[in-house]
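Trainee: Hi, could you walk me through a structure I haven't seen before?
Mentor: Happy to, let's bring it up.

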Amino acid sequence: MGRLRYLLERTNGCISTNATGFAAGQSPSIEMSSRPLAENVFVFGTLKRGFPLHDEGLSGARFIGPCRTKQRYPMLIAGPRFAPMMFNEPGSGLHVSGELYIVDECVLAKLDSIESIGKPGNFRILIEIDPVADGSSTLAHVYMKSRSLADPIQSGLLDRYEDRRFIREDPAKPGPRCCP
């Protein structure tokens with residue numbers, strides 16, 4: 001089953017419909033799943049391999065491969081910490097390159113913490129991405145910021161993040177722990 005179809009047919013990860021088919025007039029069966037939630041996550045900045053937050057955020061995640069956004073998005077380096085930021089303005093900017101991972105609910109929660117989800121101006125949304133090599137498009141979560149956080153702007157629009165000026169908030173502070 002393709003990843004896009006899997007994501008579209010899945011519910012909240014604990015209950016899934018039986019997609020084996022059913023006779024006319026019958027309802028699909030619902031079964032409990034003991035499998036952990038698996039989500040696609042597209043990363044384009046400091047969470048990529050070789051960058052400062054990769055080991056902290058994506059340990060335990062399965063690397064799928066290099067991808068890029070299907071639509072154009074504005075991505076730049078901004079703020080006093082020189083952080084890469086992408087804005088939810090589809091059709092504007094460039095096709096942004098990054099990496100696709102499959103993560104469980106624990107790693108997703110850890111990433112949400114690293115990316116300040118729940119604080120104003122920080123978002124996790126689903127977008128469509130394309131593999132760099134052959135393959136079909138899929139949906140993936142991506143972390144975006146509000147333009148209000150992009151002060152000062154440190155670069156022009158980018159299609160890939162290669163910058164090494166990122167400053168961690170507090171390097172001595174331990175990162176969020178994943179659930180057992």
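Mentor: What follows is a short tour, from the overall make-up to a few chosen spots.

Trainee: Before we start, what sort of model is this?
Mentor: The model is predicted, so local features need pLDDT of at least 70 and side-chain atom pairs count only at pLDDT 80 or more, while totals for chains, interfaces and linings use all residues. Residues are numbered from 1 along each chain as its sequence is written, and side-chain values use heavy atoms, with hydrogens and water left out.

Trainee: Okay, how many helices and strands are there in the protein?
Mentor: The protein has three helices and nine strands. Helices (H or I, at least four residues) and strands (E, at least two) are DSSP runs, numbered from the N terminus. In order from that end, the elements read α-β-β-β-α-β-β-β-β-α-β-β.

Trainee: And what share of the residues counts as buried?
Mentor: 40% of the 180 residues. Buried means under 20% relative accessible area, exposed over 50%, and partly exposed in between (1.4 Å probe, protein chains only).

Trainee: Which strand is largely enclosed by the rest of the structure?
Mentor: Strand 7 is, because seven of its eight residues are buried. Strand 7 pairs with strand 3 in the antiparallel sense over six bridges, and Phe42 has Leu100 as its bridge partner there. Strand 4 (residues 62-69) also pairs with strand 7, again antiparallel and over six bridges; here Arg68 is partnered by Ser97. Two strands pair if DSSP finds at least two bridges between them.

Trainee: Switching to helix 3, how many of its residues are buried?
Mentor: Seven of the 10 residues in helix 3 (residues 105-114) are buried. Among them are Cys106, Leu108 and Ile114.

Trainee: What covers the buried residues of helix 3?
Mentor: The cover includes strand 3, helix 2, strand 7 (97-104), strand 8 and strand 9.

Trainee: What happens at the start of helix 3?
Mentor: A side-chain oxygen of Asp104 comes to within 3.0 Å of the backbone nitrogen of Cys106. After the helix comes Ser116, which has a positive phi, near 60 degrees.

Trainee: New topic: how many aromatic pairs does a search of the whole structure find?
Mentor: The search finds two. In one of them, the ring centres of Phe51 and Tyr161 are 5.2 Å apart and the planes are at 50 degrees, so the pair is tilted. Rings of Phe, Tyr and Trp (its six-membered ring) pair if their centres lie within 6.5 Å; planes under 30 degrees apart count as stacked, over 60 as edge-to-face and the rest as tilted.

Trainee: Where in the chain are Phe51 and Tyr161?
Mentor: Phe51 is in the loop between strand 3 (38-43) and helix 2 (54-58), and Tyr161 is in the segment after strand 9 (138-145), 110 residues apart. Phe51 is buried, at 11% relative accessible area, and Tyr161 is buried too, at 0%.

Trainee: What sits over the ring of Phe51?
Mentor: The charged end of Arg164 does, 3.9 Å from the ring centre. Arg49 lies over the face of Phe63, 3.8 Å from that ring's centre. A charge sits over a ring if NZ of Lys or CZ of Arg is within 6 Å of the ring centre and within 35 degrees of the ring normal.

Trainee: Last one: where is Glu128 found?
Mentor: Glu128 is in strand 8 (residues 122-131), and it is partly exposed, with a relative accessible area of 32%. Glu128 and Thr69 are 59 residues apart in sequence, but their C-alpha atoms are 6.4 Å apart in space.

How values were computed
Contact means heavy atoms within 4.5 Å. A polar contact is a pair of N or O atoms within 3.5 Å; within protein, one must be able to donate a hydrogen and the other to accept it, and residues adjacent in sequence count only if both atoms are side-chain atoms.
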